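I sat down with this chain today and kept notes as I went. Here they are, in the order I looked things up.

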Amino acid sequence: MNTCMNLLRAAAAGAAVWGVGCAALAADGPSKMTNQCLTVLANRPWAPTGIVVNPNRFVCVAGSGLWSHGAQGVEAIIPYYGPEGWGRDTTTQYPDEALHIGALVARIGANFPFLVRNQICFIPRTTGELLLSMNDQPGTYGNNSGDLQVQVVTWPVAAMPKRVALAPQKCPVR
Ligand SMILES: [Ca+2]
């Protein structure tokens, strides 16, 4: 069993999930695939992942779970959904992804956020830490609840796959 699997098993046994994953694989060399599973809390904006991405990596991020951005007054419900988000918030001005409120979003360092929703793959154009968050208006994270399991897999760009099927629902649960 490789180091990655040992770490994942430790996480499944109840160890802290943050930063736990297959970082050791990355240390084995840039030619290796890395595979990490994280928990992203709905009420914690822009949590660090400890995963530094760079232009030499092909990165895929996928989420699974159930979370909520809070109450919808007009509809009189507290909606719960997955990484695709609520997507029907009436806010039209902020943030830019307001049409995808509640969606899983990512950014590299201080660069602009982008939508992940169920899954996205990309080649970074800069080097920086991958940050993950629910898309919600700043200052309104306090009434959020739930979390997503998020899988982050990277390959060398030269070995990027043509098809990707991640399984974030199988990530270790806290
Ligand atoms: Ca909220």
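I began with β3 and strand β6 (residues 119-122): four bridges join them, and they run antiparallel. I count two strands as paired if DSSP finds at least two bridges between them. Within this pair, A62 stands opposite Q119 in β6.

A note on the source: this is a predicted model, in which local features need pLDDT of at least 70, side-chain atom pairs count only at pLDDT 80 or more, and totals for chains, interfaces and linings use all residues. I number residues from 1 along each chain as its sequence is written.

**Overall layout**

I listed the elements next and found two helices and eight strands in the protein chain. Here helices (H or I, at least four residues) and strands (E, at least two) are DSSP runs, numbered from the N terminus. Reading from the N terminus, I get the order α-α-β-β-β-β-β-β-β-β.

I also looked up contacts, meaning that the C-beta atoms of two residues, placed from the backbone, lie within 7 Å. Among contacts in the protein chain between residues at least 6 apart in sequence, 62% join residues at least 24 apart.

**β8 and its partners**

Which strand does β3 join through twelve bridges? I found β8 there, and the two run antiparallel. A62 turns up again, with Q151 as its bridge partner in β8. For S68, the bridge partner in β8 is S145.

β8 also pairs with β1 in the antiparallel sense, over eight bridges. One position I checked in β1 and β8 is T39, which stands opposite Q149.

**Burial**

I call a residue buried if 20 or more other C-beta atoms lie within 10 Å of its own, exposed if 12 or fewer, and partly exposed in between, with C-beta atoms placed from the backbone. By that count, buried residues make up 35% of the 174 residues in the protein chain.

Why do I describe β8 as largely enclosed by the rest of the structure? Nine of its twelve residues are buried, so the description fits. β3 is mostly covered, with ten of its twelve residues buried. For β4, four of the five residues are buried, so I put this strand down as largely enclosed too.

**The core**

I then traced the largest nonpolar core, a set of buried Ala, Val, Leu, Ile, Met, Phe, Trp, Tyr and Cys residues joined through C-beta atoms within 7 Å. This core has 29 residues, and V61, L104, A106, L130, L132, V150 and V152 have the most contacts inside it. β1 (34-41), β2, β3 (57-68), β4, β7 (128-134) and β8 (145-156) each supply at least two of its residues. The largest share, six residues, comes from β3.

I picked V152 for a closer look. Leaving aside neighbours within four places in sequence, V152 is in contact with Q36, L38, T49, I51, V59, V61 and L130.

**The four-stranded sheet**

Last, I followed an open sheet of four strands, in the order β2-β7-β4-β5, with antiparallel pairing. Its edge strands are β2 (47-53) and β5 (114-115), each pairing on one side only.

β4 and β7 pair over five bridges, and A106 stands opposite L132 in β7. Two bridges join β4 (residues 104-108) to β5, where the bridge partner of A106 is F114.

The hairpin of β4 and β5 has five residues between the strands, and I noted that G109 takes a positive phi near 55° in it.
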